[in-house]
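The exercises below concern a single predicted model. Each task is followed by a solution that proceeds step by step.

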Amino acid sequence: MNFASRLDNVETSAIRELFKLLGKPGIISFAGGFPDAAMFDVEGIRESVNKALQQEAGGALQYGATEGYEPLREQLSAFMASKGVAVAADGLIVTTGSQQALDLIGKTMISPGDKVIVEGPTFLATIQCFRLYGADIISAPIDENGVKVDVLEQLIVEHKPKFVYLIPTFGNPSGRMLSLERRKRVLELAVNHETLIVEDDPYGDLYFGEPPPPSILSLCAQQPGAREWVAHCGSLSKVLSPGLRVGWMVAPPELLAKATMCKQFSDAHTSTFAQATAAQYLKSGRMPATLAKVRKTYAERAAAMGAALKRELGDAIEFTQPQGGLFFWARLTGANGRISDANEFAKKAIEEKVAFVPGAPFFATNPDLSTLRLSFATADVAKIEEGVGRLGKAMG
Ligand code: PMP
């Protein structure tokens with residue numbers, strides 16, 4: 001078949017191949033990016049579905065506005081306000097997961113050959129999505145405090161990108177948290193260089209101790225003119241349910257209007273049934289308890305994984321203990337002649353019935369072959385201990 005040339009630079013993700021192995025019996029998987037299904041507040045969602053059907057069946061089952069179901073936009077506006085961001089209901093649109101918000105940003109902003117700056121490493125699906133629109137992707141390096149802003153500034157000056165895509169809070173895959181000082185610098189760069197910053201924030205609510213610094217979007221309140229340079233993507237996927245496919249985008253009005261137009265041509269609107277359910281859930285007041293539960297569970301698992309990695313792999317591995325999110329991002333040191341290639345290590349690990357994802361595919365350019373991503377979300381503490389023990393054996 002003679003497919004469109006836009007597909008020439010995009011492949012099915014390398015990670016998908018690995019996922020095929022995960023169905024094997026007895027495998028402990030640290031590979032996925034899923035939240036734990038045991039965390040889903042099934043009872044609360046059931047109540048919300050019932051209420052949506054009792055109170056608003058017409059709206060919940062009918063076609064709806066592309067911008068989103070009004071009661072949900074209002075609830076999301078209140079949810080953002082609880083996190084210190086003033087966004088009116090009509091200052092956001094509801095999207096089919098935050099993945100669609102990213103796609104709409106790609107669709108509205110990228111012409112073939114346009115430059116886009118992302119973190120190295122970053123979310124794989126975003127790399128693929130922006131490539132589909134023909135972006136020339138440039139990676140900005142990170143350290144333990146997130147993207148290195150000095151380098152970012154040089155790259156912005158040199159490449160004049162259409163936008164910069166960042167996951168400032170507990171990034172996928174990096175798990176890193178961009179420091180407050182750097183968030184402020186990023187906003188200064190946005191204003192000074194008139195560059196759009198796309199802040200992807202599906203993990204910001206999953207903190208283990210102190211809350212993270214305010215989102216880049218909320219810092220706009222302190223920086224005149226900044227709001228017109230920030231698009232922010234939110235999601236209920238990691239805190240409530242990814243199957244609902246409810247995400248949202250806050251952006252300058254012009255971008256929001258173009259994104260709405262493009263959304264209209266693809267899925268018309270996000271499922272009104274899912275939106276009405278989400279609206280009822282947010283209205284029910286159950287979210288704070290749900291958040292407290294997921295934070296506590298993931299915090300225990302992250303602590304267990306960090307301790308087990310140190311114990312079982314010692315100086316063969318380096319990592320920063322994540323303060324939230326779902327992931328450890330680690331580097332194999334090769335100390336004392338041990339394995340330093342994450343692909344080789346992944347194969348040995350599968351033989352020991354434990355899986356993780358090698359880090360190379362998360363780099364848009366210059367992959368670091370010694371890196372890997374381990375998710376602590378879906379295995380309980382006992383499984384984490386067992387699985388990391390198997391990693392120790394695989395390392396030898
Ligand atoms: N951004 C990042 C950084 C993610 O890790 C994910 C999900 N893995 C998404 C966006 C998309 O999430 P959703 O579409 O379910 O909101």
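**Exercise 1. Where does Pro173 lie, and what is the geometry of the peptide bond that precedes Pro173?**

Solution. Pro173 is placed in the loop between β6 (163-166) and α7 (180-192); helices (H or I, at least four residues) and strands (E, at least two) are DSSP runs, numbered from the N terminus. The bond from Asn172 to Pro173 is cis, with omega near 10°. A second cis bond joins Gly120 and Pro121, with omega about 10°. Pro121 is located in the loop between β3 (115-120) and α5. As background, most residues other than glycine have a negative phi, and most peptide bonds are trans.

Residues are numbered from 1 along each chain as its sequence is written. Because the model is predicted, local features need pLDDT of at least 70 and side-chain atom pairs count only at pLDDT 80 or more, whereas totals for chains, interfaces and linings use all residues.

**Exercise 2. Determine the sign of phi at Lys160 and Glu194, and state whether each residue is buried or exposed.**

Solution. Begin with Lys160, in the loop between α6 (149-159) and β6. Its phi is positive, near 45°, although Lys160 is a residue other than glycine. Lys160 counts as exposed because it has 12 C-beta neighbours inside 10 Å; a residue is buried if 20 or more other C-beta atoms lie within 10 Å of its own, exposed if 12 or fewer, and partly exposed in between, with C-beta atoms placed from the backbone. Then take Glu194, in the loop between α7 and β7 (196-200). Glu194 is not a glycine, yet has a positive phi of about 50°. With 12 C-beta neighbours inside 10 Å, Glu194 counts as exposed.

**Exercise 3. Which residues surround the ligand, and how do they divide by class?**

Solution. The shell holds 13 residues, and the closest are Gly97, Gln99, Asn172, Ser235 and Ser237; a residue is near a molecule if its C-beta atom, placed from the backbone, lies within 6 Å of it. Helix α4 (residues 97-109) gives the most to the shell, with 3 residues. By class, the shell has 4 nonpolar, 8 polar and 1 charged residues. Here Ala, Val, Leu, Ile, Met, Phe, Trp, Tyr, Cys and Pro count as nonpolar, Asp, Glu, Lys and Arg as charged, and the others, Gly among them, as polar.

**Exercise 4. Compare the expected span of α11 with the distance between its end C-alpha atoms, and identify what covers its buried residues.**

Solution. The expected span is 1.5 Å times one less than the number of residues. For the 27 residues of α11 (residues 287-313) this gives 39 Å, and the end C-alpha atoms are 38 Å apart, which agrees. Among the buried residues of α11 are Met287, Tyr298, Arg301 and Leu313. The cover of the buried residues includes α10 (272-284), β10 (317-319), β11 (327-332), β14 (371-375) and α13 (381-395). Just after α11, Gly314 takes a positive phi of about 50°.

**Exercise 5. How many residues of domain 1 are in contact with domain 2, and which element gives the largest share?**

Solution. The chain is divided into domain 1 (5-41 + 289-395) and domain 2 (47-286), with bounds from an automatic or database domain assignment. In total, 35 residues of domain 1 are in contact with 34 residues of domain 2, contact being C-beta atoms, placed from the backbone, within 7 Å. On the side of domain 1 that touches domain 2, the largest share, 8 residues, comes from α11. That side has 19 nonpolar, 12 polar and 4 charged residues.

Notes: Two residues are in contact if their C-beta atoms, placed from the backbone, lie within 7 Å.
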